[in-house]
Amino acid sequence: MSELISLKITALRENLAKVFEFIQDNLNNCDIPKKAIRQIKLCVEEIYMNIANYAYNPKTGEARMHIQMQNNEQYINIIIQFEDNGIPYDPTTKPDPDTSKTNIDNIPIGGLGIYLVKNTMDNIKYERKNNTNILTIEKNVETERK
Amino acid sequence: MHFEKSSDGLSMTVKLSGEIDSINAPNLEEELLHKIDTVKNLTFDMKNLEYLSSAGLRVLLATQKLMKSKEGNMIIKNVNDEVMDIFKVTGFIRLFTIEH
């Protein structure tokens with residue numbers, strides 16, 4: 001198990017670039033295919049923006065992120081955990097948007113983000129502990145090493 | 001982002017490049033709304049688009065709805081595998097006209 005790498009940041013929308021930097025710096029040199037990095041980035045954006053937009057609204061507060069990677073023979077297990085001390089919010093219980101409809105007027109504009117996370121990651125888990133929202137996402141990624 | 005309008009103003013191609021995320025998606029929406037007023041045939045060329053988050057998807061969906069309301073067409077072309085994956089996962093692949 002790799003060491004835990006953490007980022008503590010003020011949960012502002014404009015800090016998304018710093019969050020991306022943190023993800024890319026830590027995943028780029030680990031034999032992880034670019035495609036997987038982009039998928040992870042996509043999920044991190046959704047979760048971080050939820051915190052930045054809603055957790056402390058209208059005030060602001062802190063967001064914390066932790067990355068842990070475990071290198072196995074064929075794949076790397078990546079666990080990313082998000083913490084905030086805002087209002088209790090469990091995105092995993094949000095109903096999926098119904099995009100099976102063929103009439104575009106019936107498709108809701110919101111709710112897509114967490115749906116993408118659920119469908120892209122191998123695991124997503126929410127906990128509320130000590131006034132903290134803890135959302136953990138996990139993905140097993142095949143390494144590029146031959 | 002690059003806009004190319006035909007001489008008669010009825011067709012427009014928008015070349016998207018780089019990354020569309022939560023921070024710049026509102027700018028894209030704003031720019032689009034100002035420029036597609038008279039456009040009947042809108043094409044998004046995604047050849048150089050590397051990243052599209054749900055914020056960008058929302059802009060595409062809103063644009064599709066707008067084009068439909070004025071009986072126009074919207075086509076998306078040159079979609080790379082990763083962006084296509086996002087269209088598949090979200091079911092948007094059925095909603096958009098994607099040209100291969």
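Helices and strands are here DSSP runs, helices of at least four residues and strands of at least two, numbered from the N terminus. With these elements the structure, which is a predicted model, can be followed from one chain to the other.

A convenient place to begin is the loop between H2 and strand E2 (62-71) of chain A, where Pro58(A) is found. The peptide bond that joins Asn57(A) to Pro58(A) is cis, with omega at about 5°. A further backbone feature belongs to the loop between H1 and H2 of chain A, which contains Asp31(A). The phi angle of Asp31(A) is near 60°, a positive value although the residue is not glycine. Both features deserve mention because most residues other than glycine have a negative phi, and most peptide bonds are trans.

The sheet of chain A comes next. Five strands form this open sheet in the order E1-E2-E3-E5-E4, and their pairing is antiparallel. At its edges stand strand E1 (5-10) and strand E4 (123-129) of chain A, each of which pairs on one side only. On average, neighbouring strands of the sheet are turned by 15° against each other, direction ignored. Within the sheet, strand E3 (residues 75-84) of chain A and strand E5 (residues 132-142) of chain A run antiparallel and are joined by 10 bridges. One position in this pairing is Phe82(A), whose bridge partner in E5(A) is Leu135(A).

Chain B also has an open sheet of 5 strands, in this case with the order E1-E2-E3-E4-E5 and mixed pairing. Strand E1 (2-5) and strand E5 (97-99) of chain B are the edge strands, each pairing on one side only. The average turn between neighbouring strands of this sheet is 25°, direction ignored. A parallel pair is formed by strand E3 (residues 41-52) and strand E4 (residues 73-77) of chain B, over 5 bridges. In this region Thr43(B) stands opposite Ile75(B), a residue of E4(B).

Two helices lie across the strands of chain B, one from each chain. Helix H3 (residues 81-90) of chain B lies across E3, E4 and E5 of chain B and runs at about 110° to E3(B). Helix H2 (residues 34-55) of chain A lies across strand E2 (11-20) and E3 of chain B, at about 105° to E3(B). The position of H2(A) leads directly to the interface between the chains.

At this interface, 27 residues of chain A are in contact with 26 residues of chain B. The two chains bury about 2,400 Å² between them, and 60% of that area is on carbon and sulfur atoms. Polar contacts across the interface amount to 10 residue pairs, counted where both residues have pLDDT 80 or more. On the side of chain A that touches chain B, helix H1 (16-27), H2 and helix H3 (112-120) of chain A each supply at least two residues. The largest share of this side, 8 residues, comes from H2(A). By residue type, the side of chain A that touches chain B divides into 11 nonpolar, 7 polar and 9 charged residues.

Charged pairs complete the picture. The structure holds 8 salt bridges over all chains, and 3 salt bridges are found across the interface of chain A and chain B. In one salt bridge, the side chains of Lys35(A) and Asp85(B) meet at 2.7 Å, N to O. Lys35(A) lies in helix H2 of chain A and Asp85(B) in helix H3 of chain B, so this pair joins two chains. Arg38(A) likewise forms a salt bridge with Glu82(B), where the closest N and O atoms are 2.6 Å apart.

Note on methods: Residues numbered from 1 in each chain as written. Chains lettered and ligands numbered in written order. Predicted model: local features only at pLDDT ≥ 70, side-chain atom pairs only at ≥ 80, totals over all residues. Heavy atoms only, no water. Pairing = 2+ DSSP bridges. Axes fitted to C-alpha atoms, helices over the stretch in contact; angles between N-to-C directions. Contact = heavy atoms within 4.5 Å. Buried area = accessible area lost by both parts, 1.4 Å probe. Salt bridge = Lys/Arg side-chain N within 4 Å of Asp/Glu carboxyl O. Polar contact = N/O pair within 3.5 Å; in protein donor to acceptor, adjacent residues only side chain to side chain. Nonpolar A, V, L, I, M, F, W, Y, C, P; charged D, E, K, R; others polar.
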